[in-house]
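Me: I've got this one open on my screen. Can you walk me through the packing, the sheet and the ligand site?

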Amino acid sequence: MVSAKALFERAIATHLEAWGLLAAVRERLDRLEADSTHNDESAQQQTALAARLERAAAEAAPQWLGAPWPVIGEQRFPLERSARPGEASMIRVADAQPLPGVGFPVVVPFVGAGHIALDADARDPAVAGLLRSVITRLIAGFPAGQLRILAIDGGALGAPLAPFHSLIPAGVMNRPVSETDQFRELLTEAEDQVHAVQSGLERSPDVLVIVAAALPANCTRADLARISALAHAGPAARVHLLLAGYPSLSRSSWETGLENTTLISTDQSSRGHFRISDPPGSSFGADGRGLNATVTLDPPPPAGLIEELCRQLVAKAESDSALSFDALVPKQLWQGSSVDGLRTTVGRVGRGEATVSLDDATPHWLVAGRTGSGKTVFLLDVLYGLAARYSPDELSLYLLDFKEGVSFADFMPSANDPTWVPHARTVGVESDREYGVAVLADLVREMGRRAGEMKRAGVTSLSALRSARADVAMPRIVTVIDEFHVLFQGNDDTAKRAVALLEEVARKGRSYGIHLIMASQSISGIEALFTKGTSIFGQFGMRVALSGGGGILGLNNDAAAALPTGQVILNHGAGVVSANRRARFPFADPASLHTLRHRMWDMRTPGTPEPAVFIGYAEYSVDEAPLPVRRGRRKVVAVGRQVDVGLHTAGFALDSSPGRHLGVLGTSLVGADVLTSAAISLAKQHEPGTATFHLISLVGTAEDTVEELRTRLRGQGHEVSMPNLTQYKELLQKLAAGASADRDHPQYLFVYGADAASSTLKQKEGRSRAAIEDFRTVLREGPGWGVHVFGWWRGVRRLSDDLGLSGKDDVAGIVALNVKGNEVGSLIGRVHLQWQPRHNRALFIDRHEDKDDLIVPFVTPGRYSEEFA
Ligand SMILES: Nc1ncnc2c1ncn2[C@@H]1O[C@H](COP(=O)(O)OP(=O)(O)OP(=O)(O)O)[C@@H](O)[C@H]1O
């Protein structure tokens with residue numbers, strides 16, 4: 001690669017040589033004029049010199065970058081081949097004509113080397129012409145998709161940049177900004193690129209050229225200082241300035257405070273002419289006073305050329321090789337290191353690649369698009385793209401979907417295809433908000449674990465930890481929450497918890513390699529969160545807007561309003577207009593996904609666990625669930641699966657403390673299933689003959705269930721009794737007297753429709769005490785003797801009556817089905833208990849352990865279809 005300095009030095013040498021020749025020619029001309037004769041010799045010398053100077057310029061600024069417009073019109077150089085990002089280039093800005101008939105083009109270092117500033121703004125037609133000329137040379141000369149124009153039109157002049165407006169939708173140029181705020185956002189975008197390059201996060205950024213037709217009128221000293229800083233640090237980060245109307249350009253000297261800049265100032269003594277300073281790093285002459293000739297600025301391209309060129313570029317960008325998902329997948333899988341972040345290609349911007357990152361600069365993303373806009377397809381492109389680049393040691397996926405659909409079904413094993421994407425750790429489909437909270441809580445725990453590891457290793461960053469502790473698994477975690485607005489619905493404890501956890505992950509995740517991608521059809525309903533003092537979304541610098549998803553972009557940013565399916569606005573500037581990049585992404589076709597998934601699955605380390613899957617609509621049966629974790633020697637009954645990561649079996653531990661009984665509440669037949677599941681799980685923990693199961697069936701609807709349970713338990717060799725109501729009363733009497741109690745041989749009472757016995761139990765029937773008293777004694781004393789009651793009451797009040805005033809605390813375990821939260825709350829003395837009955841869900845309360853868990857209660861397979869039949 002030729003350095004800017006070498007290139008320019010070569011041009012200067014030619015220039016000086018030409019200057020020498022000019023002097024000679026001038027001398028000769030003077031002589032010839034004195035002789036009053038013109039001859040062929042002088043004409044030939046002039047022509048030769050002009051040709052030589054043209055050649056020198058053409059070498060320094062080839063083709064589109066330097067050829068005069070008439071030559072370009074004739075020769076039509078190939079597009080995009082005159083220069084490459086990352087290399088120093090020069091560009092034609094003016095023509096010097098020191099002698100009649102002897103002119104030479106003035107080329108100055110620009111992209112890859114320096115900047116250009118003019119004192120006059122684009123109200124001067126010559127300046128406007130130069131801006132058009134330079135922009136045209138750039139967009140035609142550089143590869144598309146690798147150079148972007150950040151346009152400023154502070155004087156709202158409109159016309160100078162108007163011919164390029166068709167490039168705006170293709171993302172090559174932004175809509176020129178005129179307001180100071182937008183101007184500052186644009187500077188921020190350029191600064192972000194400088195920082196990203198300086199910190200090593202970005203190695204091959206797009207070329208950004210800030211073009212100002214005029215700076216905003218109320219530009220402050222602080223703004224100018226930012227421009228100065230960009231002039232200093234920009235070139236190394238491919239950020240360049242082409243500023244017209246730069247205010248501090250002094251007429252008396254070239255001092256402007258802009259480093260690396262060629263200055264072009266109006267020649268006060270000659271209308272329409274300009275003077276050019278020495279370019280950065282070199283000088284035209286020994287005196288350091290710039291080019292020793294006035295110049296005319298390079299004229300704009302001829303009418304029609306810009307339009308035709310833009311049309312061609314846009315058409316090429318659009319029709320560029322049809323996008324395919326396979327093109328996003330690298331040939332060799334899992335080659336990337338996620339130490340500094342994650343990067344993938346999601347499609348194309350113009351003809352360049354559209355790359356997106358999850359790293360320190362853009363740790364979290366917000367994605368929005370109306371239904372059908374292609375949001376799911378975009379997310380699949382991103383997720384499969386990442387999974388193809390990074391191995392499961394480098395990347396884990398937590399996938400969470402709140403809506404009805406199968407967005408993430410591809411990541412988990414299914415009945416048809418037992419493979420899964422080996423990076424997937426948790427997959428939630430049609431998740432409950434509580435599951436979302438559990439996933440977020442899991443992430444917070446993981447951050448804690450990583451913080452602990454860092455502390456132990458004495459390091460302060462994830463990358464340092466990864467080098468220090470190669471043995472500790474520390475993949476970056478990408479958590480995708482689709483339809484995340486559901487999390488915040490309802491102003492209840494779950495919503496509050498979700499916000500708190502999300503804030504924590506959003507704030508600290510970056511330091512621990514934990515990233516969030518939150519997607520939604522709509523942001524209405526969560527807008528309050530945008531404006532909150534500690535706005536969570538401030539942490540989400542990367543905005544991805546599909547059609548109809550413009551709400552996540554800035555107020556004046558309507559770029560996503562009319563996007564076709566398959567296109568997206570990628571904006572890493574938190575939605576500012578100037579950071580828009582319009583990208584196209586391919587359809588994630590099922591066949592390609594299938595192939596890639598199988599390739600990755602074949603490459604997985606043997607023993608890679610399946611993802612923890614939560615499917616909101618799934619029914620769970622006790623037979624497929626692992627037994628709950630036992631604590632010590634205590635038996636634990638299983639009642640359902642917790643709505644948490646890993647779907648742990650929800651268990652109620654039995655011990656000798658008074659009240660270790662379970663009350664299942666609600667009219668739903670699921671109540672019978674919960675008792676049956678409890679019995680089945682207990683039976684698994686007993687050798688036959690070491691416990692007695694009393695099955696008391698008091699309602700007709702549960703008879704079959706109870707009968708089946710009896711058959712099953714007996715089949716396993718357990719002792720089972722099926723007392724009728726009278727025998728039940730006798731049993732209670734016996735148990736209350738402690739007569740048949742044997743701690744080593746527990747007795748379990750499963751009372752199906754316990755409420756049906758209430759009135760009978762209350763009758764004394766000639767005895768000194770009613771059976772209800774025996775029942776209450778059993779509740780209070782029974783656990784000490786190994787007696788536990790599992791009852792299904794179809795109403796809360798019925799249980800409350802059975803317990804009586806003094807026995808209110810004697811049923812410690814509650815499984816609330818279709819009963820009101822306030823009724824359960826008053827039963828257990830918690831007025832603020834929050835419970836809304838839901839299909840296939842129950843609230844499981846263990847009063848002794850002060851625990852409320854949302855569970856999916858165990859059911860007999862097919863229970864719900866029966867209920868709805
Ligand atoms: N890049 C693309 N190229 C071609 N077609 C696409 C592309 N992206 C999406 N589509 C089409 O649009 C349909 C809807 O896409 P997708 O399911 O991703 O939308 P969505 O925004 O997630 O909608 P919903 O929220 O209703 O699920 C796809 O089934 C596909 O037909």
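Me: Start with the helices. Which way does α10 cross α12, left-handed or right-handed?

Reply: α10 passes α12 in a left-handed crossing. Left-handed means the near helix is turned anticlockwise from the far one by less than a right angle; clockwise would be right-handed. Helices here are DSSP runs of H or I, at least four residues, and strands are runs of E, at least two, numbered from the N terminus.

Me: Is this a model, and how are residues numbered?

Reply: The model is predicted: local features need pLDDT of at least 70, side-chain atom pairs count only at pLDDT 80 or more, and totals for chains, interfaces and linings use all residues. Residues are numbered from 1 along each chain as its sequence is written.

Me: Back to α10 and α12. What's the angle?

Reply: About 35°, with the axes of α10 (residues 433-457) and α12 (residues 493-508) 9 Å apart. Axes are lines fitted to C-alpha atoms, for helices over the stretch in contact, and angles run from 0 to 180 degrees between N-to-C directions.

Me: Which residues touch?

Reply: On α10, they include R433, E434, V437 and M447; on α12, R497, E504 and K508 are among them. Contact means C-beta atoms, placed from the backbone, within 7 Å. By class, this contact has ten nonpolar, two polar and five charged residues. Nonpolar is Ala, Val, Leu, Ile, Met, Phe, Trp, Tyr, Cys and Pro; charged is Asp, Glu, Lys and Arg; the others, Gly among them, are polar.

Me: And α9 with α14, what's the geometry?

Reply: The axes of α9 (residues 375-389) and α14 (residues 590-603) come within 11 Å and cross at roughly 30°. The two helices are therefore roughly parallel (angles under 35 degrees; over 145 is roughly antiparallel, 65 to 115 roughly perpendicular, the rest oblique). L380, Y384, A387 and A388 of α9 meet L593, L596 and M600 of α14. That contact has seven nonpolar, no polar and no charged residues.

Me: Switching to the sheet. How many strands?

Reply: Ten, in an open sheet with mixed pairing, ordered β22-β21-β30-β29-β28-β23-β27-β26-β24-β25. Strands pair if DSSP finds at least two bridges between them. β22 (649-653) and β25 (719-721) are the edges, each pairing on one side only. The twist averages 25° from one strand to the next.

Me: How do β23 and β27 pair, parallel or antiparallel?

Reply: β23 (residues 662-665) and β27 (residues 787-793) pair in the parallel sense, over four bridges. L662 has F790 of β27 as its bridge partner.

Me: Last one. Which residues come nearest the ligand?

Reply: T371, G374, K375, T376 and G566, out of 15 around the ligand. A residue counts as near if its C-beta atom, placed from the backbone, lies within 6 Å. The shell divides into four nonpolar, ten polar and one charged.

Key. Two residues are in contact if their C-beta atoms, placed from the backbone, lie within 7 Å.
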